[in-house]
Amino acid sequence: MSGPFQLSARALSLKPSSTVAVSSRALELRRQGIDVISMSVGEPDFDTPAHVKAAAIHAIESGKTKYTAVSGIAELREAISAKFTRENGLNHAPDAVTVTSGGKQALFNAFFALLNPGDEVLIPAPYWVSYPEMVAFTGAVPVPVPTTPESGFMLDPGVLEALVTPRTRMIVLNSPGNPTGAVFPPEVLQAVAELAQRHSLTIVSDEMYEHLVYDAEQVSIGRYAPEHTLTVNGASKAYAMTGWRIGYAGGPKGVIAAMNAIQSQSTSNASSVSQYAALAALEQHEETARFVEMARNAYRERRDFIVAGLNALGLPTPTPQGAFYVMTDITSIHPGELEAARIILDDARVAVVPGTDFGAPGQVRLSYAAGMDTLAEVLRRIGGVVSR
Ligand SMILES: Cc1ncc(COP(=O)(O)O)c(C=O)c1O
């Protein structure tokens with residue numbers, strides 16, 4: 001680009017996503033009237049619960065439509081503080097909590113509040129694509145920590161510790177994880193907490209998928225290293241509220257204050273109406289728990305179905321313990337995951353995400369947040385490609 005608009009070095013440093021090639025091809029096929037099933041979206045297919053919607057409507061009608069405090073309305077911060085105690089065994093007073101526009105903004109604010117150029121950040125791989133991109137955006141250096149499909153992508157604290165250098169500042173944990181669905185058990189979290197204490201590291205624990213666990217228990221690492229941990233969560237995945245854009249974080253007051261200062265100069269506050277909706281989800285938590293239970297049971301059934309189906313097709317797929325994604329080894333279709341995703345799209349008309357950007361070569365990610373009929377059709381279509 002030349003002339004009066006010159007893109008900044010920062011904007012140019014953002015890596016173009018390799019998933020774009022596949023998603024634009026999917027759009028093109030759809031435009032041609034070809035029916036493509038998308039297994040690439042990272043959001044629940046359920047509608048937002050009725051009591052949450054009703055609270056938002058009430059908020060609009062009663063004029064709760066103005067700026068709020070940067071950190072969020074006091075009632076919501078109190079409800080989040082109570083939630084941390086009730087569900088996670090964490091102790092964050094309301095003034096040690098901040099509300100953001102989605103979990104993504106909580107992570108963004110946290111990285112900008114805590115990282116300097118050259119700092120190293122350990123991120124278990126495969127990882128959610130936004131972690132290394134956001135970390136690099138601050139000038140810090142993302143350092144992937146390898147895990148293997150054979151272990152169900154389990155984090156090995158020894159492998160993690162071997163990568164610690166004098167420049168290491170932070171560990172990003174995401175359990176249950178996107179894209180792996182791995183859930184780290186208490187002994188792994190305890191070991192990571194201890195090594196964070198030994199090396200004086202910050203832990204950012206992204207617990208967006210905490211309620212979507214099937215055969216495992218989700219535990220917050222903040223229980224083991226409270227002085228080292230910033231816990232990030234939000235309404236998007238658990239309460240089917242992706243479009244409402246509510247995230248939050250709890251941690252040391254000084255860090256929360258710095259995150260608020262950053263937010264005050266960018267988006268100010270999360271949408272007031274959405275904050276009242278999230279308040280209903282947290283305050284009416286028994287009603288919300290019934291919704292979460294219904295969704296969890298549906299996801300479990302879908303997971304069992306898609307994992308069994310893909311393995312039966314000869315595509316090795318470990319059983320994830322949480323979230324709503326599976327990682328599948330597609331090297332029998334093509335050794336390169338980008339090419340394999342293209343073949344699956346062109347020949348099976350199913351859109352999947354190549355593992356390239358997740359740090360997962362030879363794998364693709366499928367989201368099973370879709371009805372059973374759709375999943376059956378997906379298996380039938382991919383089966384056609386495999387048999388060819
Ligand atoms: C691991 C993980 N963290 C955070 C987010 C962001 O959630 P939100 O939509 O609330 O910004 C996502 C969304 O895909 C995610 O997968």
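Which residue in β8 is the bridge partner of Val99? Hold that thought for a second, and keep in mind that what we're looking at is a predicted model.

Okay, the answer: Val99 has Tyr248 as its bridge partner in β8. Val99 belongs to strand β2, residues 97-100, and β2 pairs with strand β8, residues 247-250, in the antiparallel sense over four bridges. Now look at where the β2 side chains go. Val97 and Val99 point one way, while Thr98 and Thr100 point the other way. That fits a pattern you'll meet again: in a regular strand, side chains alternate between the two faces of the sheet. And here's a nice detail: all four of these β2 residues, the valines and the threonines, are buried.

Next up, rings. The count here comes to eleven aromatic pairs. Let me show you two of them. In the pair Phe112 and Phe137, the ring centres are 6.2 Å apart and the planes sit at 80°; planes over 60 degrees apart count as edge-to-face, so that's what this pair is. Phe112 is in helix α5, residues 102-114, and Phe137 is in helix α6, residues 130-137, so the pair ties together parts that are 25 residues apart in sequence. How buried or exposed are they? Phe112 has 28% relative accessibility, so we call Phe112 partly exposed, whereas Phe137 comes in at 19% and counts as buried. Phe137 has another visitor, too: the charged end of Arg10 sits over the Phe137 ring, 5.9 Å from the ring's centre.

The second pair is Tyr209 with Phe324, also edge-to-face, at 5.6 Å centre to centre and 85° between the planes. Tyr209 is in the loop between β6 and β7, and Phe324 is in the loop between α11 and β9, so this pair ties together parts 115 residues apart in sequence. Both Tyr209 and Phe324 are buried. They also have company: ring pairs link Phe46, Tyr209, Phe291, Tyr299, Phe324 and Tyr325 into a cluster.

Last thing, empty space. If you roll a probe the size of a water molecule over the atoms, you see where empty space is left. Searching the whole structure this way turns up four cavities of 30 Å³ or more. The largest cavity holds about 120 Å³ of space. There are 17 residues lining that one, and the closest to its centre are Pro124, Pro126, Asn174, Thr180 and Phe184. Strands β3 and β5 are the elements that give two or more residues to this lining. And what is the lining made of, nonpolar, polar or charged residues? Twelve are nonpolar, five are polar, and none are charged.

Key
Residues numbered from 1 in each chain as written. Predicted model: local features only at pLDDT ≥ 70, side-chain atom pairs only at ≥ 80, totals over all residues. Heavy atoms only, no water. 1 Å grid on protein atoms, 1.4 Å probe; cavity = no way out; pocket = protein on both sides within 12 Å on 5 of 7 lines; lining within 4 Å. Points joined across faces, edges and corners; volume = space filled by probe spheres on them. Nonpolar A, V, L, I, M, F, W, Y, C, P; charged D, E, K, R; others polar. Phe/Tyr/Trp six-rings, centres within 6.5 Å; stacked < 30°, edge-to-face > 60°. Buried < 20%, exposed > 50% of the residue type's maximum accessible area, 1.4 Å probe, protein only. Lys NZ or Arg CZ within 6 Å of the ring centre and 35° of its normal. Pairing = 2+ DSSP bridges.
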